[in-house]
Amino acid sequence: MDYQSERQKLIKEMAAIDCMEKGRLTAEYREVVRDGKPAKKGPYYKHQTWKNGQNISRRVPREEAEVLKNAVEGYHRFRELAEDYVETTVQMTRAANDSHSKKKRQS
């Protein structure tokens, strides 16, 4: 495997993420009765995140929800890519160490 190329590819993909937001976005619905029949009203959007050990929750207007959803997805994608970068670097380090160990034994 070409570890350097893989690492560069991951860095390039991380750099392409233009917006990020921590937390998660959920859609909620309210049960209402219309014309004597149960119905759902909504969605109402809620953004939740952790800050200083506390769950912070805020309502999000419908017109902002899609942008926030993309930002939350961007953050989670960045974290995945960063973990892949770490794993690739660990593999690269181990391969280099194995290579050095084999050279020393052959001498």
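Visitor: How many helices and strands does the secondary structure of the protein come to?
Guide: In this predicted model, the secondary structure comes to two helices and three strands.

Visitor: In what order do the elements run from the N terminus on?
Guide: The order is α-β-β-β-α. Helix α1 covers residues 3–15, and helix α2 covers residues 62–106. Between the helices come the strands β1 (24–34), β2 (residues 37–51) and β3 (54–60).

Visitor: What does the protein average in pLDDT?
Guide: The average pLDDT is 93, and 93% of the residues score at least 70.

Visitor: And where is confidence lowest, and where highest?
Guide: Confidence is lowest in α2, where the mean is 90, and highest in helix α1, at 98.

Visitor: Let us turn to overall shape. What radius of gyration does the protein have?
Guide: The protein has a radius of gyration of 23 Å, whereas a compact globule of 107 residues would have one near 13 Å. The C-alpha trace spans about 85 × 30 × 25 Å along its principal axes.

Visitor: What percentage of the residues count as buried?
Guide: Of the 107 residues, 22% count as buried.

Visitor: What share of the contacts with a separation of 6 or more comes from residues 24 or more positions apart?
Guide: Such residues account for 51% of those contacts in the protein.

Visitor: Now the sheet. What is the order of its strands?
Guide: The sheet is open and has three strands in the order β1-β2-β3, with antiparallel pairing. The edge strands are β1 and β3, each of which pairs on one side only. From one strand to the next, the twist averages 35°.

Visitor: How do strands of a sheet pair, in general?
Guide: They pair through backbone hydrogen bonds, in either a parallel or an antiparallel arrangement.

Visitor: How many bridges join β1 to β2 here?
Guide: Ten bridges join these two antiparallel strands. Glutamate 28, for example, has tyrosine 44 in β2 as its bridge partner, and threonine 26 stands opposite lysine 46 in β2.

Visitor: Over how many bridges do β2 and β3 pair?
Guide: β2 and β3 pair over seven bridges, again in the antiparallel sense. Lysine 46 stands opposite arginine 59 in β3. Lysine 46 therefore has a residue opposite it in each of two strands: threonine 26 and arginine 59.Visitor: Where is aspartate 35?
Guide: Aspartate 35 lies in the loop between β1 and β2. These two strands form a hairpin with two residues between them, and aspartate 35 sits in the turn. Aspartate 35 has a positive phi of about 50°, although it is not a glycine.

Visitor: What sign of phi do most residues other than glycine have?
Guide: Most of them have a negative phi.

Visitor: Is aspartate 35 buried or exposed?
Guide: Aspartate 35 is exposed, with a relative accessible area of 79%.

Visitor: What about asparagine 52: which loop is it found in?
Guide: Asparagine 52 is found in the loop between β2 and β3. The hairpin of β2 and β3 has two residues between the strands, and asparagine 52 takes a positive phi near 50° there. Asparagine 52 counts as exposed, at 76% relative accessibility.

Visitor: Which form does the peptide bond from glycine 42 to proline 43 take, cis or trans?
Guide: This peptide bond is cis, with omega near 10°. Proline 43 lies in strand β2. Most peptide bonds are trans.

Visitor: One more topic, the interior. Which residues make up the largest nonpolar core?
Guide: This core has five residues: Tyr45, Val60, Ala65, Leu68 and Val72. Helix α2 contributes the largest share, three residues. In soluble globular proteins, nonpolar side chains tend to be buried together.

Visitor: What does tyrosine 45 touch?
Guide: Leaving aside residues up to four places away in sequence, tyrosine 45 touches Leu25, Thr26, Ala27, Arg58, Arg59, Val60, Arg62 and Ala65. Of these contacts, Val60 and Ala65 belong to the largest nonpolar core, as does Tyr45.

Conventions: Residues numbered from 1 in each chain as written. Predicted model: local features only at pLDDT ≥ 70, side-chain atom pairs only at ≥ 80, totals over all residues. Heavy atoms only, no water. Core = buried A, V, L, I, M, F, W, Y, C linked by side-chain atoms within 4.5 Å. Buried < 20%, exposed > 50% of the residue type's maximum accessible area, 1.4 Å probe, protein only. Helix = DSSP H or I, 4+ residues; strand = E, 2+ residues; numbered from the N terminus. Contact = heavy atoms within 4.5 Å. Pairing = 2+ DSSP bridges. Axes fitted to C-alpha atoms, helices over the stretch in contact; angles between N-to-C directions. pLDDT = per-residue confidence, 0-100. Rg over C-alpha atoms; globule rule 2.2 N^0.38 Å.
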